[in-house]
Amino acid sequence: MPDSHPIISTLVASVSQIPYVQGIVLGGSRGFGVALENSDFDFLVWNEEPFPLSSKAIIENLKKDAKDVTHTPLCTHGTIDGVRFELFYRSLTEVNRYILDGKEGKFHILPTPFAPAATLNLELISSLVNYPLLWDKEGKLQLLKSKALPMTIELRNSILEFSFSGAVRAMKLASKATKLDIQIHYLISSISLFLGHLHNAIFAINNMYPFTSKQSSEVIGTLKFRPDRLVIKEREIFGLAMAANLIKCQNMMEQLLHEVSSVADKPEQLGFHMQLTSPP
């Protein structure tokens with residue numbers, strides 16, 4: 001159920017008056033329903049090319065309700081009644097292109113300065129279809145959601161193939177870190193990359209567009225097809241790495257890869273000739 005905090009109605013009333021805004025979505029931990037009491041509020045504000053959002057109009061519409069408003073080309077943040085918020089700007093035109101590519105099983109990697117690793121362009125679709133829709137001026141967001149769902153089999157298989165092969169490569173990279181006194185950062189980053197690929201695979205197995213965020217493990221924990229005790233196992237892998245127990249760390253990574261691949265419908269198509277097991 002979408003969050004019902006008063007800041008939501010206040011922000012929607014203000015932001016919906018900004019020229020060229022087509023829709024507003026509640027994102028982040030609030031959008032997924034896993035927020036803490038003091039978590040801030042993330043809003044995705046959607047416009048349509050070639051109609052840019054005016055920073056002057058954004059600040060003007062917010063100043064009657066918000067304090068400490070700061071604006072950048074990609075984000076506006078401030079507070080309302082002491083509650084922190086951030087507005088992130090997304091393009092309906094861009095997500096439509098990604099949806100059309102996805103129907104053909106195509107996707108690509110997007111480098112970003114705002115996350116520990118590059119992400120998939122599918123994350124833009126994920127933010128549209130998985131977060132609560134708060135306001136939709138002309139029904140364009142709902143139309144795109146219906147176009148994006150369900151995920152095609154071609155796209156699902158492409159994500160799985162990419163994710164499993166990427167996880168194997170990351171595991172091999174982790175095995176090359178043998179001088180932990182000077183290579184611990186290399187090992188930790190390789191493990192993070194490995195787990196990121198597995199997360200993408202788990203989302204695809206559940207026919208869900210993947211996304212990269214702090215909340216991904218919490219959301220994965222609610223999905224039907226997933227490894228049991230995933231967060232605990234991830235924590236154990238990092239613990240073994242920090243304790244320089246590289247052999248056991250590598251064994252646990254291999255075991256986790258096996259568990260994820262075993263819940264896919266046909267892992268043999270991806271080069272994993274393993275016996276299927278029942279989902280936990």
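This briefing covers the sheet, the helices that contact its strands, and a nonpolar surface patch. The model is predicted. Its open sheet has 6 strands with mixed pairing. Helix 1 packs on that sheet, and helix 5 lies across strand 1, strand 2 and strand 5.

**Sheet**
- The strand order in the open sheet is 3-4-5-2-1-8.
- Strand 3 (67-71) and strand 8 (133-136) are the edge strands, each of them pairing on one side only.
- From one strand to the next, the twist averages 15°.

**Pairing of strands 2 and 5**
- Strand 2 (residues 41-47) and strand 5 (residues 83-91) run parallel and are joined by 7 bridges.
- Asn-47 has Ser-91, in strand 5, as its bridge partner.

**Helices on the strands**
- Helix 1 (residues 6-15) touches strand 1 (21-27), strand 2, strand 4 (75-80), strand 5 and strand 8.
- The direction of helix 1 makes about 45° with that of strand 5.
- Helix 5 covers residues 122-129 and runs at about 105° to strand 2.
- Strand 2 and strand 5 are among the strands that helix 1 touches, and helix 5 lies across both of these strands as well as strand 1.

**Nonpolar surface patch**
- Leu-173, Tyr-186 and Leu-193 make a nonpolar surface patch of about 220 Å².
- Leu-173 belongs to helix 7, which spans residues 153-175.
- Leu-173 counts as partly exposed because its relative accessibility is 32%, a value between the limits of 20% for buried and 50% for exposed.

Key
Residues are numbered from 1 along each chain as its sequence is written. This is a predicted model: local features need pLDDT of at least 70, side-chain atom pairs count only at pLDDT 80 or more; totals for chains, interfaces and linings use all residues. Side-chain values use heavy atoms; hydrogens and water are left out. Two strands pair if DSSP finds at least two bridges between them. Helices (H or I, at least four residues) and strands (E, at least two) are DSSP runs, numbered from the N terminus. Axes are lines fitted to C-alpha atoms, for helices over the stretch in contact, and angles run from 0 to 180 degrees between N-to-C directions. Contact means heavy atoms within 4.5 Å. Patches are made of residues with over 30% relative accessible area and no salt bridge: like charges are joined within 9 Å, nonpolar side chains (Val, Leu, Ile, Met, Phe, Trp, Tyr) within 5 Å. Accessible areas come from the Shrake-Rupley method with a 1.4 Å probe; for residues, only the protein chains shown count as cover. A salt bridge is a side-chain nitrogen of Lys or Arg within 4 Å of a carboxyl oxygen of Asp or Glu. Buried means under 20% relative accessible area, exposed over 50%, partly exposed in between (1.4 Å probe, protein chains only).
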